[in-house]
Protein chains: 2
Amino acid sequence: MKRLSSKFIPKIYMAKVLTSRKDDYAQWYNDLVIKADLAENSAVRGSMVIKPYGYAIWEKMQEQLDKMFKATGHSNAYFPLFIPKSFFSKEAAHVEGFAKECAVVTHYRLKNDPNSKGVIVDPDAKLEEELIVRPTSETIIWNTYKNWIQSYRDLPILINQWANVVRWEMRTRLFLRTAEFLWQEGHTAHATKEEAVEETLKILDLYADFAEKFMAIPVIKGTKTEAERFAGALETYSIEAMMQDGKALQSGTSHFLGQNFAKAFDVKFLDKTGKLDLVWATSWGVSTRLMGALIMAHSDDNGLVLPPKLAPIQVVIVPIYKGSEQLKELDVTAKRIKAELESKGVSVKYDDRDTHKPGWKFAEYELKGVPIRLAIGPRDLQNGTIEVARRDTLEKTSLSQDRIVGHVERLLDEIQENIYSKAFNFKKENTWEVDTWDEFKEIIDHKGGFVLAHWDGTNETELKIKEETKATIRCIPLDSKEEKGKCIYSGKPSGRRVLFAKAY
Amino acid sequence: MKRLSSKFIPKIYMAKVLTSRKDDYAQWYNDLVIKADLAENSAVRGSMVIKPYGYAIWEKMQEQLDKMFKATGHSNAYFPLFIPKSFFSKEAAHVEGFAKECAVVTHYRLKNDPNSKGVIVDPDAKLEEELIVRPTSETIIWNTYKNWIQSYRDLPILINQWANVVRWEMRTRLFLRTAEFLWQEGHTAHATKEEAVEETLKILDLYADFAEKFMAIPVIKGTKTEAERFAGALETYSIEAMMQDGKALQSGTSHFLGQNFAKAFDVKFLDKTGKLDLVWATSWGVSTRLMGALIMAHSDDNGLVLPPKLAPIQVVIVPIYKGSEQLKELDVTAKRIKAELESKGVSVKYDDRDTHKPGWKFAEYELKGVPIRLAIGPRDLQNGTIEVARRDTLEKTSLSQDRIVGHVERLLDEIQENIYSKAFNFKKENTWEVDTWDEFKEIIDHKGGFVLAHWDGTNETELKIKEETKATIRCIPLDSKEEKGKCIYSGKPSGRRVLFAKAY
């Protein structure tokens, strides 16, 4: 990819504000999140502030996912932030997985400190039972469903919740792993196992569709191994995406919970034959972690690259002018083009601020990943032209103003597709079929990427491979065909390949 | 209002499921919230579950408010749920008002109880500084703004947050007063006092517009007395609405915070002349309490009455049939009408379930406040007619199917206006100008409603009136004209009338 020089941008603006991906991928990511005004660390350890530009991208994701949930029959609701401590002991596996690193509310009042100007926790205001800030809501929700479900007529229940959750993480990274994060969690209740499994898979497909068509990220759908399964689930499905450093990022999970939570919270229903049975459950979620995936999958050393379908600003128009007279002339054309694009549903920002130079603006919108930049100067006005720059390839062309609206509409689609293709090809080029342990280690250690290899199906082998290489089994791909082979580690027989990678 | 009899509804369905407003207004409200599937109490004291139908109404409110915030230049962002305890000591008035009844996180880990199957709080995982679950976010946000603001170029900052907050309430009521509730909180930063005051008033107007045009509730805009002011504000503005029992419900507040939070968190900026100055602030919010206002302002003994602009379902179509043959015939017409209405942007539910009788459905949608019900039976099919029932007046008419789409569109507007007019007239009829203490007590004790009366401007008198009558000064109305008078309680001189009422 050639970075074309611009007649408008003085050298000074071209100084890289980001560490390059090659030099330090982790630092590049952090620089980008900060410099593009997406998020920052807060005064509370492990909690982030999601800044307006970052939040606007998250809102675009929410809007689309919400539409998809509703189109498949789900409704939103809201359940309490706090969960009584005892609820966590009710499902055996769940308590192991979730009741450990979490925020515990023990008191409900502060009082003035008699010895200072500050406030202290009032020892008289101790709760009888501690409350846990939800790390996930299966327990409180199934405790509620108990009262909602008597007969098969009350089923299915198809509910989603948009909420904040807290998991006390020791090592945090903006968007990727934070103590508090935003997410949606779906919790459904069904009369039969078949229905619940169907729901689990329907949502997995929905997540994959969202990732591919909106985030422009190809994903691999699969089931998790027992070791990586959600605490309390019989089967966990996930979508796995590849980042530009070859590492995997689990981007969404859908759990078939069987009757575990119904059993734990005694949720039974009368079926059509009058028989009392336990209810079947699923749960599923994606979080602000998707922001990390979106940033890492597409962006480059100049900044963010956003797929048009999730870009808060799809087109920015920058006028090139000296003095208010010139601006006034450009204004008419720029505003006409803005209005025409908006009438086609394109989101446009016209940046006519006189506090910043065009070169500064160019670099700024490049950093922020605005898919298309239009620039218009006095010479363009004379010639009836406009300059079009696309963020994904950094290519620039000059175009007739008459053709600009149709061109931008097509170009937005083209950019969306191009970003996806690039990510698709990258994943393809960095996915390996491997049959020996030496080759496996060589690729995991030096090349990176996804490795499809045989595994003997035991927790023990999985753990040893992880200890020796840091690679984990991301999933058993749904499209993995039956194929006789030998486990790369133990040499024992295996029926299909599984997907290994280092992961976020 | 005459309740017209229906040819379809057998007597059994007409049995009232709600306590009547006359018998017990508080019980009627609670019955309605539960029976209309809006919300319910949860296993966590003071925290509610917002059920799908209630949440759908809240989503309609959010959608509209969010649109209005964005149209006035505001962006959404997200700040941490937890606030370090010490932050609350930084603003003197704020700590008095907010740092008292709140949820305190003291630990970050649970562990297995060696003596039982349960879990206990791990005493080794005690936080160095306790974290408070936000009761409101001024402190954490101004601590963040400190890093965002250096010069006048960084101003204004116009940010809103949709979030959950927790205030430990002892006596809770669904939607009206809950420990955890959902809200939006705007937090803006400005270079001048004038700008900040202008913002405070702009939002007050926005809230009033929303209440009147969407919730169909007339409100009175005014300033709060010092005693009722937000902790840390120089001036608090509110909108006050009248419920059907004559009590006031504060439905939104907008605070001019002066430079208090900038001082507390040391947020200064270089103005255009190069002088360092403290930043000016506002904050403002509405919450799920609005759901309480919406329910109580319009509903009747048959159930909810929703203004069409906030109704999740605006029109329900109920087929009246015997057997699947008849249903098949009705289907075609019903679905055509549904499609035509939807193409006009009307939200329609076609309830063709065979598990419930038409009469049951009629009562159900009446309870749930669906503005328009269309019923169609075999005779209608022969005659080309359809029955139209409006929820607000309970009137029914038979109409030609050809005219139904235009009629429904007009009727939705008419219902919206009628609900507003009814509430407007009710408020007018129950607002009194009073000049003597006896008259004041008589009205507050026996008639209820809003009382405009003179007050001497002292905290002392305000408090005594409250103690003796339970009425508080809801606000000093912005449109209250200068008028010499004597305080109804102390007889001291007063320059204008203020608004008294009992309040939620």
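Colleague: Before we look at helix α8 of chain B, what is the expected span of a helix?
Modeller: The expected span is 1.5 Å times one less than the number of residues in the helix. Keep in mind that this is a predicted model.

Colleague: Okay, so how far does α8 of chain B reach?
Modeller: Helix α8(B) covers residues 323–343, which is 21 residues, and reaches 30 Å from its first C-alpha to its last. That is close to the 30 Å expected.

Colleague: Where is the kink in α8(B) centred?
Modeller: The kink, of about 30°, is centred on Leu330(B).

Colleague: And is Leu330(B) buried or exposed?
Modeller: Leu330(B) is buried, and so are Ala334(B), Ile337(B) and Leu341(B) in that helix. The buried residues of α8(B) pack against several elements of chain B, including β17 (315–319), β19 (372–376) and α11 (404–429).

Colleague: Cool. What follows the helix?
Modeller: Gly345(B) follows α8(B), and its phi is positive, near 85°.

Colleague: Switching topic: how does chain B lie on chain A?
Modeller: A turn of 180° with a shift of 0.0 Å along the axis lays chain B on chain A, with an RMSD of 0.0 Å. That is the relation of a two-fold axis.

Colleague: Which residue of chain B comes closest to the axis?
Modeller: Val105(B) does, with its C-alpha at 2.1 Å. Val105(A) stands opposite Val105(B) in β5(B), and 3 bridges join the antiparallel β5 strands (residues 104–107) of the two chains, A and B.

Colleague: How many residues are in contact between the chains?
Modeller: 55 residues of chain B are in contact with 55 residues of chain A. On the chain B side, 32 are nonpolar, 13 polar and 10 charged.

Conventions: Residues numbered from 1 in each chain as written. Chains lettered and ligands numbered in written order. Predicted model: local features only at pLDDT ≥ 70, side-chain atom pairs only at ≥ 80, totals over all residues. Least-squares fit on C-alpha atoms with pLDDT ≥ 70 in both. Contact = placed C-beta atoms within 7 Å. Nonpolar A, V, L, I, M, F, W, Y, C, P; charged D, E, K, R; others polar. Pairing = 2+ DSSP bridges. Helix = DSSP H or I, 4+ residues; strand = E, 2+ residues; numbered from the N terminus. Bend = angle between axes of the 7 residues up to and from the residue. Buried ≥ 20, exposed ≤ 12 C-beta atoms within 10 Å, placed from the backbone.
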